[in-house]
Amino acid sequence: MPSNSVVGAVLAGLLTAGCPFGAQAQTAFPSHPVTMVVPLPAGGTADLLCRLAADKATSILGQQVVIENRPGGAGGRVGTESVLRAAPDGYTVLCAPQLTFSVSHLLFLKAALDTRGLEPVSVLAAYPLVLLGRAGLPVDTTPELLAYGKANPGKINYGHQGKGQTGHLLGELLMLKAGFRMTEIPYRGSAPAINDLLAGTIDLVPDYLLANKQNIEVGKLKLLGVGSRERLKDYPNVATIAETLPGVYADTWMAVAAPPGTPKEVARKLSDAIGQGFQTPEMRARILALQAEPLGNTPEQMREMIRISAQQWTPVIEAAKITIE
């Protein structure tokens, strides 16, 4: 009769070979390429930040992180919904702007687009909104803009990137806090709004600095104020909006999240890879050149940033009764 030790060894071998959860069947994440869905068109600062994250994560994880641009639907709904439905294994992740993670459930009431179950991975970088005026607008600063708006109710035509986007919310926040009204003109993206601003057919667009820097420097657009907490290094004479309206800040950030139910250790591994890549001196310099603040933070820090964003923009959405079909 075989000894107990021999029987035990045979049973252990059979269990390891036959059980799908045996040590030999377990593979470390990631064992094959990861798809990073960007619910925006290719090009622009937001898309570039996602591509930088994918490139750095690829080199650190040892598996390809592939960008898949899936624009479509207001607020990038098509790409976002595809990740919400994806398997919770870390092989499909979302790289999207701040509001996607914090207020989608308030904006898309009929579509029931609720992203609050997404597993946070990392915020890549943050960058402020700025107030851009047409060259012939008879104001040069935020205080002058607010005074002009109060003296001329509804006369200022302000354009934005689309309903429920950060530029739209900043315009509503300005009116709410300063007590005046502008005429809202929604566009499909920043480019057509800026084109009309350059042509002088609208007066104001809350947008991002990088794409508009050249037009500001040659005098085709006016930089009236910045949504950052401190004045921008390149424009020390341009006051923050908060210097006139305390507590009014406006920025956006790009972040990565995984489908609901993704194991936290998988999200952590993705986060660590992005964080390592984004903290290198060369990467920090590249992101700072985009007029953005490099972060590459942890899932816990991203969760806190989502909370702050929801706290900031929920009252604006509710007061302005903003919804997206």
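This is a short walk through one structure, from its disulfide and core to its pocket and a few backbone details. Keep in mind that the model is predicted.

I will start with the disulfide. The structure has one, and it joins C50 to C95, with an S to S distance of 2.1 Å. The angle about the S-S bond is -90 degrees, and the link is left-handed. What does it connect? C50 sits in helix α2, residues 44-61, and C95 in strand β3, residues 92-97, so the bond ties together parts that are 45 residues apart in sequence. Are the two cysteines buried or exposed? C50 is buried, at 0% relative accessible area. C95 is buried too, and its relative accessibility is 0%.

That brings me to the core. The largest nonpolar core has 69 residues, and M36 and L124 are the members that touch the most others in it. Helix α2 makes the largest contribution to this core, eight residues. If you click on M36, you will find both disulfide cysteines, C50 and C95, in contact with it. Leaving aside residues up to four places away in sequence, M36 also touches A53, A54, V65, V66, I67, E68, V93 and V256. There is another core, apart from this one, of 16 residues; A193, L209, I216 and V226 are among them.

Next, helix α3, residues 77-84. Which of its residues are buried? They include G79, T80, S82 and V83. These four span an arc of only 160 degrees around the axis, which puts them on the same side of α3. As a reminder, an α-helix has 3.6 residues a turn, so residues three or four places apart point the same way. The buried residues of α3 are covered by elements that include β1, β3 and α4, the last of these being residues 98-102. Strand β3 is also where C95 of the disulfide lies.

Now the pocket. The largest one has a volume of about 1,200 Å³. It is lined by 42 residues, and those closest to its centre are L40, Q161, Q165, G189 and S190. Which elements give two or more residues to the lining? They are α2, α4, α5 (104-107), α8 (190-199), β7 (204-208) and β9 (251-258). Helix α2 has the largest share of the lining, with four residues. So far, then, α2 has come up as the home of C50, as the element that gives the most to the largest core, and now here in the pocket lining.

Last, the backbone. Most residues other than glycine have a negative phi, and most peptide bonds are trans. Three places in this model are worth a look on that account. The peptide bond from F29 to P30 is cis, with omega near -5 degrees. P30 is in the loop between α1 (4-18) and β1 (34-38).

The other two places concern phi. Q291, which is not a glycine, has a positive phi of about 65 degrees. Q291 is in the loop between α11 (281-288) and β10 (293-294), and it is partly exposed, at 23% relative accessibility. K321 is not a glycine either, and its phi is positive, at about 50 degrees. K321 comes in the segment after α12, residues 299-320. With a relative accessible area of 69%, K321 is exposed.

That is the end of the tour.

Note on methods
Residues numbered from 1 in each chain as written. Predicted model: local features only at pLDDT ≥ 70, side-chain atom pairs only at ≥ 80, totals over all residues. Heavy atoms only, no water. Disulfide = S-S within 2.5 Å. Buried < 20%, exposed > 50% of the residue type's maximum accessible area, 1.4 Å probe, protein only. Arc of directions from axis to C-beta. Contact = heavy atoms within 4.5 Å. Core = buried A, V, L, I, M, F, W, Y, C linked by side-chain atoms within 4.5 Å. 1 Å grid on protein atoms, 1.4 Å probe; cavity = no way out; pocket = protein on both sides within 12 Å on 5 of 7 lines; lining within 4 Å. Points joined across faces, edges and corners; volume = space filled by probe spheres on them.
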